[in-house]
Amino acid sequence: MSCCGCKASEDTARSSILYSILNRGSPCPRGQPETSAAHQLCFCASKRKLVAIRVFKAASEVLAKTFRFVKNVPCFRGLPAGDQMRLVRKSWAPLLVLGMVQESVDLDTPETPQPSLLYRILTHSKERQLCAPTEIQDSGVPVRDAEGIQMFLVGCRGLRISVKEYVFLKGAILFTPEVLELECREYVQALQGEAERALYEHVRTVHRGNAGRLSRLRAILNTLRAMDPDAVAGLFFRPVTGTSCVDEHVLAMFYER
């Protein structure tokens with residue numbers, strides 16, 4: 001009996017070279033007793049792996065693009081190297097999530113049934129425990145955090161945030177004076193205030209002071225600032241990188257030329 005109820009599709013895919021590579025083995029021949037759940041090979045497991053890799057790649061591309069933006073901000077380039085590193089460490093997670101909103105990256109893929117494959121990868125569902133282990137590492141992201149990030153991505157789309165608004169939001173997130181050991185704390189605080197005022201002025205001018213829009217943009221900003229970096233790392237990176245230090249992976253991407 002298949003551990004995930006995908007017996008029919010599994011039979012069709014058994015001859016697939018990609019299936020064999022991803023699972024590094026073959027299912028038990030018919031007529032022979034199946035192995036324990038810990039050793040069963042499941043077609044859904046290969047699909048979960050493909051989805052995890054796809055999400056990891058998309059997140060890495062968005063983060064690389066975000067870092068290119070950050071490096072091109074003149075007032076950021078003028079900060080001491082230590083302050084740059086501290087600000088990036090503090091802000092990479094919310095900047096990544098905001099970047100995924102801007103790039104319209106979806107956590108679900110067209111071939112993903114309900115509940116989504118990504119949901120099964122990143123949460124401790126009973127079904128996931130029954131399926132065979134793969135090379136994907138357990139991210140340990142609580143269900144509420146995974147759902148919260150996904151709902152945030154979906155909820156932002158209806159607001160149709162403009163390019164300028166994205167710039168001001170990114171500035172308000174990047175320049176965080178609460179970061180410990182900043183050499184230029186007052187300057188960073190001034191830059192954050194300037195970004196927030198620019199956002200307000202943009203809404204006042206372009207959207208005629210639409211109070212509802214400004215309120216929603218502020219809510220987005222507050223949500224991003226409260227984003228748990230561990231949850232973001234577990235959702236987008238750890239299913240592929242495993243237990244390796246995501247923080248060092250992020251810094252390596254930032255310093256990469």
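**How helix α5 packs against α12 and α8**

Mentor: Let's start with handedness: in this predicted model, α5 and α12 cross in a left-handed way.

Trainee: Happy to start there! Which residues of α5 and α12 make the contact?

Mentor: From α5 come Trp-92, Ala-93, Leu-96, Val-97 and Met-100, while α12 supplies Pro-229, Val-232, Ala-233 and Phe-236. What counts as contact is heavy atoms within 4.5 Å.

Trainee: What is the make-up of that contact by class?

Mentor: There are nine nonpolar, no polar and no charged residues where α5 meets α12. Ala, Val, Leu, Met, Phe, Trp and Pro are among the types that count as nonpolar.

Trainee: Why is α5 called oblique to α12?

Mentor: Set the angle against the cut-offs. The axes of α5 (residues 81-102) and α12 (residues 229-236) come within 9 Å and cross at roughly 50 degrees. Roughly parallel needs an angle under 35 degrees, and roughly perpendicular runs from 65 to 115. The angle fits neither class, so α5 is oblique to α12.

Trainee: Good, now the other partner. What makes α5 and α8 oblique to each other?

Mentor: Try the test again. The axes of α5 and α8 (residues 143-157) come within 9 Å, with a crossing of roughly 45 degrees. That is also outside those classes, and therefore the pair is oblique.

Trainee: Is the crossing of α5 and α8 left-handed or right-handed?

Mentor: Right-handed.

Trainee: And which residues meet there, in α5 and in α8?

Mentor: Val-97, Met-100 and Val-101 of α5 meet Phe-152, Leu-153 and Cys-156 of α8. By class, that gives six nonpolar, no polar and no charged residues.

Technical notes. Residues are numbered from 1 along each chain as its sequence is written. This is a predicted model: local features need pLDDT of at least 70, side-chain atom pairs count only at pLDDT 80 or more; totals for chains, interfaces and linings use all residues. Side-chain values use heavy atoms; hydrogens and water are left out. Axes are lines fitted to C-alpha atoms, for helices over the stretch in contact, and angles run from 0 to 180 degrees between N-to-C directions. Helices (H or I, at least four residues) and strands (E, at least two) are DSSP runs, numbered from the N terminus. Angles under 35 degrees count as roughly parallel, over 145 as roughly antiparallel, 65 to 115 as roughly perpendicular and the rest as oblique. A crossing is left-handed if the near helix is turned anticlockwise from the far one by less than a right angle, and right-handed if clockwise.
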